[in-house]
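Here is a set of questions and answers on one protein chain. Look at the structure first, then read on.

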Amino acid sequence: MNAQITILGPPGTGKTSALINLYKYFIGDASTDVTSFVQRYGLNKLITRRDYTSDEVLFLTFTTSAVRVLKERGIYNAYTLHSYITRVLMRNKLLTPAGFMREPFIAAMMEMNYGYDFRDRFSSHPSNVAEIRYNYYFNVYYDKTSKEILEIVKQQEKDAVYQRIRDYVAWKEEKGIFDYVSVLRYFLTTTPATLAPEKEGSEPRVMIIDEAQDFSPLQWAVVKRLRSIGLLDYVVAAGDPNQSIYSFQGADPSEFENFMASGTVVVLKRSYRLPKQVYNKAEMLTRWLRTHFEYEPREELGKAITEYLKKSNLLKMNRTTGEKVIQILESVMDEDKTVFVLTRTNKQARELEKYIIEAGYRVSRIKNDDSLYDLLEEVIAFEEKRSIGMRLFFAVTSLNEEGIRLRSLFKTPIEAMMKVEECLTEGEHPNDEDNKAGKCSDDVLSLARFIENHYLDVLDPEEKRVLAGLRKKRNGRAIYVDTMHAAKGEEADVVIVIDFVNRKIEKEIQRDENALKEEVRVLYVAMTRARERLYVLTSKSKRSVLGYVRF
């Protein structure tokens, strides 16, 4: 049979809930919510079999956090594509656990003394850039050999980036390490015509793919390979090409659009998030992209305000921009609203954080990444109670080779932190060379002494100034400051979007129409996080995406 169904889910239309209902329908759930959903969209006419076991319905999604949510909602056969393929390879004795390592690229960069910027994964440090570009090239050119891909990298990247990618590939092959892309590439080249199921009767007969618009050509090739060697009756792909924002990792919305063109498409018709004014503002972008899908907003009007600032104000997220954000915050924070402040880059987010912290607000990140506020709180806790937080510990011990060496003397970072904290809180003084009490080993004392001497070195002069202000004024209302990418899949009552790109992105969107379309999609994702109010701070210059879009 191998029927194809596309579930098109514009922002806030409940795509994940729709897929869960569809999953339940496949396994015979006859509850009212499930049957009414399936009948509303005519899926009962497409799906003729619904007596599958839960093991026979495979649910693939894009992130481990999404897998966690699905399992909390009772779908235990949910995986990321990478984790599922790893299980398949190991079950068929084509791969062993010995080849896996946490963060292999970072491990290689540190081992080869190239260094790495731990504070900002998307920084301009050559190692950080190399990690992102490695994933891009090996996801896009998956059907070429490593040697052929490295030749492409050499032609298109700076020497420092090329050298790191080249050396990482050699390091990985020498040690027999498998990272994300190498597991998927290995699957494509070694998989036999048939695969052993996990247990009798558990071979997938239905495959549901969530966030399919974010899959790369390599990931789609793996999906096609699974289809060719399996006994699939149905393949369901869900997503929204207007929310495809990971081209820097190799994602290509055209792959999803090709899937849409060869099967039945169901568009979810109602957004449970967007009020009318936010919907109208955001959908102007999809009409410009010429990929608009008809769906209905909520009945509430909401609010969507665009304010144009001078390019010079936005250029370095200076105090004028900071004060404008604070002004908006002050108008909404007494209403107990959740607030996102979204920027295009991590660097911009960190700049804005400083102004917002100084204004007395407690700043968090949307995802699990650490905010400046979190780090400063750990610095204060270390000064006041000699308590060592994970963020501060890794930031200090990653400052130089000596810090990395001292950290490596312990079995785990957790063990090192506990021993140093115990040493410090029991009254020993790591800088006292005599150490008469003798309760701390030499290794613990050396690491404690290093942290005592260098903990403030993790902050730049501007961050130290913010720290001084935070010591006097703490525990304000929490808001979230993060990048537009980090906000994908999330929502807030009030969203403040800073529409301003850096010079690198400006050059890309001026010479490449696809790059401009990607930036429009990123802005669209940011704007459609708002449940009630949307504020867009932009300019009329070519450093703002709205400066290119004409309606």
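Q: Which residue forms a salt bridge with R365?
A: This is a predicted model, in which local features need pLDDT of at least 70, side-chain atom pairs count only at pLDDT 80 or more, and totals for chains, interfaces and linings use all residues. Residues are numbered from 1 along each chain as its sequence is written, and side-chain values use heavy atoms, with hydrogens and water left out. A salt bridge here is a side-chain nitrogen of Lys or Arg within 4 Å of a carboxyl oxygen of Asp or Glu. With closest N and O atoms 3.4 Å apart, the partner of R365 is E353.

Q: How many residues apart in sequence are the parts that R365 and E353 tie together?
A: Helices (H or I, at least four residues) and strands (E, at least two) are DSSP runs, numbered from the N terminus. R365 lies in the loop between β9 (362–364) and α17 (372–385), and E353 lies in helix α16 (residues 346–358). The pair therefore ties together parts at a sequence separation of 12 residues.

Q: Are R365 and E353 buried or exposed?
A: Buried means under 20% relative accessible area, exposed over 50%, and partly exposed in between (1.4 Å probe, protein chains only). By that rule, both R365 and E353 are buried.

Q: Which helix holds both E402 and R405?
A: E402 and R405 form a salt bridge, with closest N and O atoms 2.9 Å apart. E402 is partly exposed because its relative accessibility is 36%. R405 is partly exposed too, because its value is 41%. The two are 3 residues apart, about one turn of the helix, and that helix is α19 (residues 401–408).

Q: How many residues apart are R543 and E506?
A: R543 forms a salt bridge with E506, the closest N and O atoms being 3.7 Å apart. The pair links distant parts of the chain: R543 is in the segment after β12 (530–538), and E506 is in helix α23 (residues 503–511). R543 and E506 are buried. Their separation in sequence is 37 residues.

Q: How many salt bridges does a search of the whole structure find?
A: Side chains of opposite charge can pair when their charged atoms come close. The search of the whole structure gives a total of 34 salt bridges.

Q: What are the bounds of domain 2?
A: Domain bounds come from an automatic or database domain assignment. That assignment gives domain 1 as 3–94 + 194–269, domain 3 as 278–362 + 475–548 and domain 4 as 380–425 + 440–468. Domain 2 is 101–177.

Q: What area is buried between domain 1 and domain 2?
A: The domain centres, taken over C-alpha atoms, are 31 Å apart. In contact (heavy atoms within 4.5 Å) are 9 residues of domain 1 and 9 of domain 2. Buried area is the accessible area (1.4 Å probe) that two parts lose on being put together, summed over both. Carbon and sulfur atoms give 68% of that area, which is about 640 Å².

Q: Which residues of domain 1 lose the most area to domain 2?
A: Together they account for 61% of what the domain 1 side buries. They are P217, L218 and F248.

Q: How many salt bridges does the rule find across the interface of domain 1 and domain 2?
A: The side of domain 1 that touches domain 2 has 4 nonpolar, 5 polar and no charged residues. Here Ala, Val, Leu, Ile, Met, Phe, Trp, Tyr, Cys and Pro count as nonpolar, Asp, Glu, Lys and Arg as charged, and the others, Gly among them, as polar. Across this interface, the salt bridge count is 0.

Q: What is the phi of K93?
A: Most residues other than glycine have a negative phi. K93 sits in the loop between α5 (81–91) and α6 (104–111), and it counts as exposed because its relative accessibility is 74%. Its phi is positive, near 55°.

Q: Is Q243 buried or exposed?
A: Q243 lies in the loop between β5 (234–239) and α12 (253–261). Not counting residues up to four places away in sequence, Q243 touches several residues, including G9, Y524 and R529. Because its relative accessible area is 8%, Q243 is buried.
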